[in-house]
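Biologist: I would like a close look at one part of this model, the place where two helices pack against each other. Please describe that part, and then what else ties the chain together.

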Amino acid sequence: STPLSRTVLSSFMSGYGKKRGGTHQQAGHTGYPNDCPFIFDPGFEAFCENDAKRLDASKEDPWVIGNFSDNELPWSRRMLENYLNLPDTDSGHQAAAQWLQGRHHGNGDPSVITAEDRAAFLGFALDRYLSITCTALRKHAPNHLLLGPRLHETVFDLPEVFAALGRHVDIICVNYYRAWSPEKKQLEMWHRESGRPIMITEFYAKAEDSGLGNTGGAGWLVKTQRDRGAFYQNFTLGLIESKCCVGWSWHRYADNDPDDKKVDPSNRDSNKGIVSNRYEPFTELLDRMRPINQQSYGISRYFDSRKP
């Protein structure tokens, strides 16, 4: 049988954090002290280089689309103050203090921080993170796309994030929730600032008729599997119409298993899959996914042919 194409999630920062210590579990992703990933730790670069070696075995695999570096890191314009509020001995604090002094000609007093400083430091931190992780991925997975860190809603309106990503990655990858339709102006900004195409790497709706509690996860709650299919059609048509989205990925293949107590809180009891946790297909959902998937190129040509 023909293999399925796939992506690989390296989880450099969360992997380093678990080895280093100091991380904690949050719903859907890893948490860091003061929302400060360990970008400036002296050991992070060597960790990424060593961890990426495992990709050597698959670098010739034609079914690997590309590599993600991490999932949902806490990028925000609060990062400058967040790092400065770490202990003086922390490498992140020291890097932020040095950056601020350089920015203000030796004045490192946090009271001088401006909105422009916050945006510039966020871009600076992202550039450092991306330079380290993308260097490791280019070396050990040279034939596959650089997909970078999967983003979530905290950065949707931050142009400096997308500009920094555009300097390093091949595709901007976004986990997109809390919208019935993709926001056209957001997609346009992401594409304009980065100069890169967009891929939606998580989205879904969960249905009440699944029999699951549906208390976890960020997807919409709807009544039926038919409604999940309507959501899929509406959302993906908006992505195709945007003319800058090159693909999407429904969040999960199988539903959460309530008997699995080892997973994080967002993945315990929700109808996220296209099959149940016993691998029974949700036919009403799949019947509405199928025509979009099979006709996506024709739909794209139709939208391209329409006048602005």
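Modeller: What follows starts with one pair of helices, moves to the salt bridges, and ends with two unusual backbone angles.

The model is predicted. Two packed helices are described by the angle between their axes and the distance between the axes. The pair to look at is helix 8, residues 225-242, and helix 10, residues 296-305. Their axes come within 8 Å and cross at roughly 55°. An angle under 35 degrees would count as roughly parallel, and one from 65 to 115 as roughly perpendicular. Helix 8 and helix 10 are therefore oblique to each other. The crossing of these two helices is right-handed.

Which residues make the contact between helix 8 and helix 10? On the side of helix 8 they are Leu237, Ile240 and Glu241. On the side of helix 10 they are Ser296, Ile299, Ser300 and Phe303. Sorted by class, this contact has 4 nonpolar, 2 polar and 1 charged residues.

Glutamate 241 in helix 8 also takes part in a salt bridge, with arginine 306 as its partner. The closest N and O atoms of the two are 2.5 Å apart. Arginine 306 lies in the segment after helix 10, while glutamate 241 lies in helix 8, so that this pair links distant parts of the chain, 65 residues apart. Buried residues have under 20% relative accessible area and exposed ones over 50%. Arginine 306 has 37% relative accessibility, so it counts as partly exposed. Glutamate 241 is also at 37%, and it counts as partly exposed.

Now to the rest of the chain. A search of the whole structure finds 16 salt bridges. One joins the side chains of lysine 139 and glutamate 49, at 3.1 Å from N to O. Lysine 139 belongs to helix 5 (residues 115-140) and glutamate 49 to helix 2 (residues 44-51), and the two residues are 90 residues apart. Lysine 139 has a relative accessible area of 52%, so it is exposed. Glutamate 49, at 25% relative accessibility, counts as partly exposed.

Another salt bridge is made by the side chains of arginine 178 and glutamate 153, at 2.8 Å from N to O. Arginine 178 lies in the loop between strand 6 (172-175) and helix 7 (184-194), and glutamate 153 in the loop between strand 5 (145-150) and helix 6 (159-166), so the pair ties together parts that are 25 residues apart in sequence. Arginine 178 is exposed, with a relative accessible area of 55%. Glutamate 153 counts as partly exposed at 39% relative accessibility. There is also a network of salt bridges that links Arg20, Asp41 and Asp90.

Last come the backbone angles. Most residues other than glycine have a negative phi. Serine 11 is not a glycine, yet its phi is positive, at about 55°. Serine 11 sits in the loop between strand 1 (6-9) and helix 1 (12-20). With 21% relative accessibility, serine 11 counts as partly exposed. Aspartate 35 is not a glycine either, and its phi is positive, at about 60°. The place of aspartate 35 is in the loop between strand 3 (29-31) and helix 2. Aspartate 35 has 27% relative accessibility and counts as partly exposed.

Key
Residues are numbered from 1 along each chain as its sequence is written. This is a predicted model: local features need pLDDT of at least 70, side-chain atom pairs count only at pLDDT 80 or more; totals for chains, interfaces and linings use all residues. Side-chain values use heavy atoms; hydrogens and water are left out. Axes are lines fitted to C-alpha atoms, for helices over the stretch in contact, and angles run from 0 to 180 degrees between N-to-C directions. Helices (H or I, at least four residues) and strands (E, at least two) are DSSP runs, numbered from the N terminus. Angles under 35 degrees count as roughly parallel, over 145 as roughly antiparallel, 65 to 115 as roughly perpendicular and the rest as oblique. A crossing is left-handed if the near helix is turned anticlockwise from the far one by less than a right angle, and right-handed if clockwise. Contact means heavy atoms within 4.5 Å. Ala, Val, Leu, Ile, Met, Phe, Trp, Tyr, Cys and Pro count as nonpolar, Asp, Glu, Lys and Arg as charged, and the others, Gly among them, as polar. A salt bridge is a side-chain nitrogen of Lys or Arg within 4 Å of a carboxyl oxygen of Asp or Glu. Buried means under 20% relative accessible area, exposed over 50%, partly exposed in between (1.4 Å probe, protein chains only).
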